[in-house]
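Please open the model in your viewer and keep the sequence panel beside it, since this tour moves from one selection to the next.

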Amino acid sequence: MSVFAVSVLIIFLFSKLLNDGYSEKALEQKVDSIASQCNWLGNQVVGVDFMMDDSSNSLSTQTDELAANMSGRIIIIKSNYRIIKDTHTDFQARFVLNNDILSVMKGKKKRIVSEQGSYIEVMVPVISKVGSKQDIRGVIIATVPKKDVMSAVSEMEHRRNMLLVAFVICSLSAAFAISYVLTRDLKKIQKDVDFIASGHEDQSVEEAGFLEVRNIIHRFNEILGRMQTLEDSRQEFVSNVSHELKTPMTSMKVLADSLLSQGDQVPAELYREFMQDMVDEIDRENVIISDLLSLVKLDKKAAQLHITNVNINELLEIIMKRVKPLALQRNIELVFESFRPVTAEIDEVKLTLGLTNLIENGVKYNKDAGWIRVTLNADHKYFYVKVADSGVGIPEDCQDKVFDRFYRVDKARSRDTGGTGLGLAITKNVISLHNGEIKLYSKVGEGTTFTLRIPLKYKG
């Protein structure tokens, strides 16, 4: 309705401007017509040398008829300011003088138009032409009523008002029709949205209506889909956490029950073996809980980064030294190659955690006597870290999922190596916090390569 009201207001203003323009144009045409007739009369007056009462011509009578046709008054004044003819009074032979008459007589103005109440007064010079020279011989003043002009303007206003009323009626009808069509679809959408809001998040809104409405519904369904995906991921995460925490506890309970079933005659060697197994399960539980806490701390909305300028070359060398004893156990060669010195604004603790996870995974899932190559490079905007290994590789259908929490390519092998399925998820979160990217290339049996790109300057 607001659009309808604005439209009516615009049409009203436009029609008023149009009517005002028409009124001005009608008045101008009326003045031009009067001036033209006065100029014709002036030529006739010059032709008889202002002898209006001469019996040889009927100019005085023609002047009276012209004034009658105009429903007004005509005054003819000679250059000596003497009235030669006045169709309304008997002022003939009298003298008249004012500023307007002086301006016309002296040629300062070619025409003077003035409004006096309900009348229009038009004053034009009487010109005598001798060759190319023009001589002002007098002035003709015509006074006519504005009623003819006003009647035309009133008729125009009447027609305008009729059209405006018709437009308002048509527009109002169209507005109601359009509102009905639009609200019909919107009401249906509202009903579907209320149904979804009541707890049926797995449903979607039917796409109907105009193209713009369908586009909005389509985007809304996409958001619903993403929300459902997040909800499924959350439920799966909770399920995985429950399973991962329950498994060590179940193992410890089985071990404890086995010891209790032995009675008092438990050999010391068996007792120590069972207790060592329980310690291992507790350690495994502790690793899972620590990784879960790391993920919580790395939540992008809650994580607090402590950004400092860090020498990335030295950081990677320290990480390689820490991982080296683990690599030596399986005779895996660690190689670090740097193309240039790199200093960047990072959170040293968190990025160390992410890089350590990548390099340790390269050791855990590598072949005996294999290799790991870590390379560092940079340009004017980013630094790049590449971690490549000669390990077992990751199947192509699993590569999109390895960054998911608790996802394992081979669950049995991961548990053997002490993995929780959270390492790569932590690494990806760390890199995301630094506004960076991580990409994976792998081929089964040939190894895996992770490539990191992180800005040199941190922008929070």
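Bear in mind throughout that this is a predicted model. Begin by selecting Ala369, which is exposed, because its relative accessible area of 52% is over the 50% cut-off. Ala369 sits in the loop that joins α8 (348-364) to β9 (371-378), and, although Ala369 is not a glycine, its phi is positive, at about 65°.

From that loop, go back along the chain to α8 and select residues 348-364. Its end C-alpha atoms lie 24 Å apart, and this agrees with the 24 Å that 17 residues should span at 1.5 Å a residue, because the expected span is 1.5 Å times one less than the number of residues.

Now colour α8 by accessibility: how many of its 17 residues are buried? Twelve of them are, so that the helix is mostly covered. Among the buried residues are Leu351, Leu355, Leu358, Ile359 and Val363, and the list also includes Lys350, Thr352, Asn357 and Asn361.

At the N-terminal end of α8, add Asp347 to the selection and display its side chain, which caps the helix. The contact to look for runs from a side-chain oxygen of Asp347 to the backbone nitrogen of Val349, at a distance of 3.2 Å.

For the last stop, move to the loop between α2 (59-70) and β1 (73-78), where Ser71 is found. Ser71, a residue other than glycine, has a positive phi near 60°. Is Ser71 buried or partly exposed? With a relative accessible area of 45%, Ser71 is partly exposed, because this value falls between the 20% and 50% cut-offs.

Note on methods. Residues are numbered from 1 along each chain as its sequence is written. This is a predicted model: local features need pLDDT of at least 70, side-chain atom pairs count only at pLDDT 80 or more; totals for chains, interfaces and linings use all residues. Side-chain values use heavy atoms; hydrogens and water are left out. Helices (H or I, at least four residues) and strands (E, at least two) are DSSP runs, numbered from the N terminus. Buried means under 20% relative accessible area, exposed over 50%, partly exposed in between (1.4 Å probe, protein chains only). A polar contact is a pair of N or O atoms within 3.5 Å; within protein, one must be able to donate a hydrogen and the other to accept it, and residues adjacent in sequence count only if both atoms are side-chain atoms.
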